[in-house]
Amino acid sequence: MAASASVRGLGWRVLACSWELPCTWRALHTSAVCAKNRAARVRVAKGDKPVSYEEAHAPHHIAHRKGWLSLHTGNLDGEDHAAERTVEDVFLRKFMLGTFPGCLADQIVLKRRANQVDICALVLRQLPAHKFYFLVGYSETLLSHFYKCPVRLHLQTVPSKVVYKYI
Amino acid sequence: MKWAPWSNLHMDVPKDLTKPTITVSDEPDTLYKRLSILVKAHDKAVLDSYEYFAVLAAKELGISINVHEPPRKIERLTLLKSVHIFKKHRVQYEMRTLYRCLELKHLTGCTANVYLEYIQRNLPEGVAMEVTKTQIQQLPEHIKEPMWETLTEEKEERTS
């Protein structure tokens, strides 16, 4: 795409600015921003909102009470291609959200070992089994051909969303 | 080997039975004085478990192994908390890299290849490995004797 080609060398966070103006090719240097009080937190309600273990814990609990949702070596000291892995992650999450509409019980866990990508998902029993098998085969083949590496999908079915507490 | 995806049937690549798995050759095997494996990860528990696995594998093969833990490195970023103003309010993120160093002493090339292949196939996700090999080689013939002895012999030949 033209907009992404122009900003490829500037870091993927600048993509957000250039999306609105596809004709301008100048760079805008902004720092990535995050409202730390509100990131990845479910806001407290009256006590009737069911929340899973993943959603109930804030991001500062990662590595203490939570694990990681995406496991790759890009963010380690002296390793590169972190941005490529992140973009792939975003695409894979959106793809899974769209391929299994209303069936995903929780966030997807992405594991990268050597060449292959393992997508681990908790799925609700909304669709009949043969439809699930078809969707698994379809997504595995499509993603493998798209990313040119083995992509495996591991599903676990669950009767309903696993609730940790009610906020 | 053409890779074909099999959903939910995790089949390995079939073994080629025509090729022999054990090969015998007359060349002397390469010798390694030291094999240093540095393993990096974000999670200490994963590193502990992988170290236990690697040490167990080395003991089974009869390789002498030493483990030590280099100090961790933390990379910190400070970003603005808000989209527009509020320069005084910032957010800090950090990326922690924990290390573990496994040192194997006095190996042959075959042992090293087998051990490294086993270790690397079972590397967990999110863990990176760097291998440093120190090889022992025989001293070349032309360095074995000191230069001045051959030089004095040549001078004597020229004068006589």
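I began with the pairing of strand 4 (residues 116-124) and strand 5 in chain A, and found eight bridges joining the two, which run parallel. The model I was reading is a predicted one. Within this pairing I looked up the position of A:Val123, which stands opposite A:Thr157 of strand 5 in chain A.

I then looked at what covers the sheet, and noted that helix 4 (residues 82-99) of chain A packs on it, in touch with strand 2, strand 3 (109-113), strand 4 and strand 5, while the helix direction makes about 135 degrees with that of strand 3 of chain A. For helix 5 (residues 129-147) of chain A, I recorded that it lies across strand 4 and strand 5, at about 155 degrees to strand 5 of chain A.

Next I traced the sheet itself: it is open, with four strands of chain A in the order 2-3-4-5 and with mixed pairing. I marked strand 2 (70-71) and strand 5 (151-158) of chain A as the edges, since each has a single partner strand and therefore keeps one side without a neighbour in the sheet.

Stepping back to the whole chain, I counted five helices and six strands in chain A, and wrote down their succession from the N terminus as α-α-β-α-β-α-β-β-α-β-β.

I closed with the totals. Of the 167 residues in chain A, 28% are buried, and the exposed area of chain A comes to about 10700 Å², with carbon and sulfur atoms supplying 59% of it. Taking the contacts in chain A between residues at least 6 apart in sequence, I noted that 54% join residues at least 24 apart.

Key. Residues numbered from 1 in each chain as written. Chains lettered and ligands numbered in written order. Predicted model: local features only at pLDDT ≥ 70, side-chain atom pairs only at ≥ 80, totals over all residues. Heavy atoms only, no water. Buried < 20%, exposed > 50% of the residue type's maximum accessible area, 1.4 Å probe, protein only. Contact = heavy atoms within 4.5 Å. Areas by Shrake-Rupley, 256 points an atom, 1.4 Å probe, with all protein chains shown as cover. Pairing = 2+ DSSP bridges. Axes fitted to C-alpha atoms, helices over the stretch in contact; angles between N-to-C directions.
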